[in-house]
Amino acid sequence: MTDFQEQQPQQQPEQPYYPPHPPRPPYAPAQPPAGAEQTAAQPIVTGPGTTVWLSGGHVPPSGPPAPPVAPLGAPAAAPAGGPGSRRRAKRGVGLMAAVAIAAAAIGGGTATLVQQATSDTPVAAASNVNGTNVSTGSTGTVAGVAAAVSPSIVEISASSNAGKSTGSGVIITSDGEIITNNHVISGASEITVQLSTGKSYRAEVVGTDPDKDLALIKLQGASGLKTATLGDSSKVRVGDQVVAIGSPEGLTGTVTSGIVSALDRDVTVAKDDDGQDQQQGQQQYDPRQGWPFEFGGQQFNGDTGSSKTTYKALQTDASLNPGNSGGALINMNGEIIGINSAMYSPSSSSGSTAGSVGLGFAIPVDTVKADLDSLRAGGDS
């Protein structure tokens with residue numbers, strides 16, 4: 001015992017003194033010394049009994065963290081619990097807590113957010129193109145135009161002493177005003193109109209303008225009809241896509257499509273301004289042959305007779321056949337840009353039709369709009 005008590009301890013290098021580490025402030029993570037590299041993620045306390053590890057997969061250390069050991073001879077670091085450290089810790093608490101909440105939300109809610117973004121995002125309700133019945137989702141498609149405008153296109157059957165002719169027309173008022181070609185109803189003693197629904201009405205002539213090959217008729221006892229939207233033919237350009245709707249060969253509601261092939265074509269048709277020409281016109285306007293017209297000094301579909309009129313027309317390659325006369329030429333917004341009036345149908349001397357060859361003509365809708373007041377007043381009939 002005496003030897004042990006008298007034994008002198010071995011001399012060791014003097015180490016700096018570190019005071020005991022004070023308790024960590026509530027909800028504050030341990031602050032590493034400035035310049036020290038952080039090698040492991042530190043837990044963040046978000047509530048009583050809940051600890052979030054940002055990097056994941058680490059086991060929380062037991063007990064307070066050991067103070068850093070300074071190299072030999074280096075000055076002792078300032079106590080971690082000093083006033084400056086406490087201020088930094090207070091400023092960091094809010095930031096670290098926010099990061100913890102965001103991390104928890106991201107970790108647990110990412111799939112939900114992705115699912116909502118891909119499946120729960122509300123889709124804008126379908127709306128119509130201004131002034132038309134064409135929905136915005138169908139704009140620019142033949143199907144969309146056909147679905148929207150077909151209810152406004154009718155089949156016209158005109159009977160006279162010379163026989164019966166078939167054409168088409170466009171509803172422009174809900175009570176049954178219909179624009180068509182003059183040659184469709186010229187000389188008719190009885191006019192029957194069939195809607196796209198199959199319902200039929202009797203119609204009477206309101207006014208005609210043989211010089212423009214236009215006529216206005218009115219259904220008897222009609223109301224609540226779907227009307228077409230009259231567009232602006234001055235904005236039509238060569239190459240614009242168009243849709244034609246009519247009743248060729250009595251096939252109600254036939255839809256064809258194409259482009260505008262040319263503008264301002266001088267088309268000459270029979271005027272039918274007297275009884276003799278009216279009868280001749282009715283005989284010539286046969287669904288098997290088509291309405292005769294002249295273009296470029298040549299006659300097509302028969303003789304136009306002695307009484308003629310010439311107007312500026314839109315040319316289209318949309319398929320037109322006898323019975324399309326008076327129907328609509330429509331742009332891809334569902335607006336009427338012309339009234340189909342003439343088409344070239346090559347035929348033999350026996351009158352058999354070889355079919356459309358993509359040479360069709362339509363009266364520009366601006367001509368129609370300019371003539372409406374006159375037609376409503378009786379026109380030139």
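## Helix α6

Helix α6 is followed by G378, a residue with a positive phi, near 110 degrees. The model described here is predicted. Helix α6 covers residues 365-376, and its 12 residues should span 16 Å at 1.5 Å a residue. The C-alpha atoms at its two ends are 16 Å apart, which agrees with that expectation.

Five positions of the helix are named as buried: V365, V368, D371, L372 and L375. Viewed down the axis of α6, these buried residues fall within an arc of 150 degrees, so they line one face of the helix. A370 and D373 lie on the other side of α6 and are exposed. The buried residues of α6 are covered by elements that include β5 (177-180), β7 (200-209) and β8 (214-219). Also among the covering elements are β9 (229-230), β16 (335-343) and β17 (360-364). The helix lies across β5, β7 and β8, and runs at about 60 degrees to β8.

## The barrel

Three strands crossed by α6, namely β5, β7 and β8, also belong to a closed barrel. The barrel has 6 strands in the order β3-β4-β5-β8-β7-β6, with antiparallel pairing. Neighbouring strands of this sheet are turned against each other by 40 degrees on average, with direction ignored. Strands of a sheet pair through backbone hydrogen bonds, in either a parallel or an antiparallel arrangement.

Strand β3 (residues 153-160) pairs with β4 in the antiparallel sense over 8 bridges. Within this pair, E155 has S168 of β4 as its bridge partner. The two strands form a hairpin, with 2 residues between β3 and β4. Strand β4 (residues 163-171) has 7 of its 9 residues buried, so this strand is largely enclosed by the rest of the structure.

The antiparallel pairing of β4 with β5 has 2 bridges. Here I171 stands opposite I178 in β5. This hairpin has 5 residues between β4 and β5, and G176 in the turn has a positive phi of about 105 degrees.

## Strands β7 and β8

Strands β7 and β8 run antiparallel and are joined by 6 bridges. A203 has L219 in β8 as its bridge partner. E204 is placed in strand β7. This glutamate is partly exposed, its relative accessible area being 43%. Apart from neighbours within four places in sequence, E204 is in contact with I217, K218 and Q220. E204 and I185 are 19 residues apart in sequence, and their C-alpha atoms are 9.8 Å apart in space.

The loop between β7 and β8 contains D213. D213 has a positive phi of about 55 degrees, although it is not a glycine. D213 is buried, with a relative accessible area of 0%.

## Loop β10-β11 and helix α3

A positive phi also occurs at E249, where the value is near 55 degrees in a residue other than glycine. E249 lies in the loop between β10 and β11. Its relative accessible area is 42%, which makes E249 partly exposed.

Strands β10 (241-246) and β11 (254-270) are among the elements against which the buried residues of α3 pack. The others are β3, β15 (328-331) and β16. Helix α3 covers residues 142-149, and its buried residues are G144, V145, A146, A148 and V149. Strand β3 therefore appears both in the packing of α3 and in the barrel order, while β16 appears in the packing of α3 and in the cover of α6.

## Whole chain and confidence

The protein chain has 6 helices and 17 strands. It consists of 381 residues, of which 39% count as buried. Among contacts in the chain with a separation of 6 or more, 65% come from residues 24 or more positions apart.

The mean pLDDT of the chain is 74, and 55% of the residues reach 70 or more. Residues 273-289 have pLDDT below 50, and this stretch has 43 contacts in the model beyond near neighbours in sequence. The pLDDT is also below 50 over residues 348-352, a stretch with 4 contacts beyond near neighbours in sequence. Where pLDDT is low, the predicted coordinates should not be read in detail.

Note on methods: Residues numbered from 1 in each chain as written. Predicted model: local features only at pLDDT ≥ 70, side-chain atom pairs only at ≥ 80, totals over all residues. Heavy atoms only, no water. Helix = DSSP H or I, 4+ residues; strand = E, 2+ residues; numbered from the N terminus. Expected span 1.5 Å × (residues − 1). Buried < 20%, exposed > 50% of the residue type's maximum accessible area, 1.4 Å probe, protein only. Arc of directions from axis to C-beta. Contact = heavy atoms within 4.5 Å. Pairing = 2+ DSSP bridges. Axes fitted to C-alpha atoms, helices over the stretch in contact; angles between N-to-C directions. pLDDT = per-residue confidence, 0-100.
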